Amino acid sequence: MLHLSLPQAMANADTVMASAELPASPGQVIAALVTKEVERWWGSSETYRMTDWAADLHVGGRWSVIVETSDGSHLPASGTFLEVETPRRIVQTRRYDWDHPTLGRHETTLAYLLEPIAGGTRLTICHGGFAGFPDAAAEHAEGWARVLGWLQQYLEANPGKM
């Protein structure tokens, strides 16, 4: 059985790095990250939930989601897939289609890097494009640690059901 460490995240002035060991295959992790599966685990009733996920998973394909906050606000986000090498790597742009308090509508680039390990997958997230937005980088580092914790818990509770 894989002994899972807690997800880790850190930020510098431009980039957020986050990592977690997950009890699922790389293919299962990819499915959880870039399919409607995100609606089942990404968020909590105290923070926000992902709804209306849509994605066309190929280079140049678009994705979109609605972030539904705990107060009932609906905040859209979207982007384009830049690289798709499943189940090893996915790179996509990410942009809030509303005025995010620390990032505005600035577009960032997000890479999911997946490495098979004994009993599962190491997921590393490299989220860049925060130059000039240090508060947004710090906020997103905290956010990625939280999100990876949700994903880890979801995959532990749902082994092989994806």
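Two strands pair if DSSP finds at least two bridges between them. Helices (H or I, at least four residues) and strands (E, at least two) are DSSP runs, numbered from the N terminus. The model is predicted: local features need pLDDT of at least 70, side-chain atom pairs count only at pLDDT 80 or more, and totals for chains, interfaces and linings use all residues. Residues are numbered from 1 along each chain as its sequence is written, and side-chain values use heavy atoms, with hydrogens and water left out.

**Exercise 1. Strand pairs**

Task: Find the bridge partner of Met 17 in β8, then follow the pairing on both sides of β8.

Solution.
- Step 1. Met 17 has Cys 126 as its bridge partner in β8.
- Step 2. Glu 21 is matched with Arg 122 of β8.
- Step 3. Eight bridges link β2 (residues 15-22) and β8 (residues 120-128), in the antiparallel sense.
- Step 4. β8 also pairs with β7 (residues 108-117), antiparallel, over nine bridges. There, Leu 114 has Leu 123 as its partner in β8.
- Step 5. The hairpin of β7 and β8 has two residues between the strands, and Gly 119 takes a positive phi near 85 degrees.

**Exercise 2. The whole sheet**

Task: What is the order of the strands in the open sheet, and which are the edge strands?

Solution.
- Step 1. Start with the inventory: three helices and eight strands. Along the sequence they follow the pattern β-β-α-α-β-β-β-β-β-β-α.
- Step 2. The open sheet has eight strands in the order β1-β2-β8-β7-β6-β5-β4-β3, with antiparallel pairing.
- Step 3. β1 (8-11) and β3 (48-55) are the edge strands, each pairing on one side only.
- Step 4. Neighbouring strands are turned by 20 degrees against each other on average, direction ignored. Such angles run from 0 to 180 degrees between N-to-C directions; axes are lines fitted to C-alpha atoms, for helices over the stretch in contact.
- Step 5. Check one edge. β1 and β2 run antiparallel, joined by four bridges, and a hairpin of three residues connects them. Gln 8 stands opposite Ser 19 in β2.
- Step 6. Check the other edge. β3 is joined to β4 (residues 62-69) by six bridges, and the two run antiparallel. Tyr 48 has Thr 69 as its bridge partner in β4.

**Exercise 3. Helices on the sheet**

Task: Which strands does α1 touch, and which strands does α3 lie across?

Solution.
- Step 1. Contact means heavy atoms within 4.5 Å.
- Step 2. α1 packs on the sheet and touches β2, β3, β5 (74-85), β6 (89-96), β7 and β8. Its direction makes about 155 degrees with that of β7.
- Step 3. α3 lies across β1, β2, β3, β6, β7 and β8. It runs at about 15 degrees to β2.
- Step 4. Now test the cover. Buried means under 20% relative accessible area, exposed over 50%, partly exposed in between (1.4 Å probe, protein chains only).
- Step 5. In α1 (residues 26-34), seven of nine residues are buried. Among them are Val 29, Ile 30 and Leu 33.
- Step 6. β2 is mostly covered too, with six of its eight residues buried.

**Exercise 4. The core**

Task: How many residues has the largest nonpolar core, and which have the most contacts inside it?

Solution.
- Step 1. A nonpolar core is a set of buried Ala, Val, Leu, Ile, Met, Phe, Trp, Tyr and Cys residues joined through side-chain atoms within 4.5 Å.
- Step 2. The largest has 42 residues, and Trp 41, Trp 42, Tyr 112, Leu 123 and Trp 144 have the most contacts inside it.
- Step 3. Helix α3 (residues 134-157) gives the largest share, ten residues.
- Step 4. Take Leu 123. Beyond its neighbours within four places in sequence, its contacts include Ala 18, Val 29, Leu 33, Tyr 112 and Leu 148.

**Exercise 5. Unusual backbone**

Task: Where is Pro 87, and is Asp 52 buried or exposed?

Solution.
- Step 1. Most residues other than glycine have a negative phi, and most peptide bonds are trans.
- Step 2. Pro 87 is in the loop between β5 and β6. The peptide bond from Thr 86 to Pro 87 is cis, with omega near 0 degrees.
- Step 3. Asp 52 lies in strand β3. Its phi is positive, near 55 degrees.
- Step 4. Asp 52 is exposed, with a relative accessible area of 53%.
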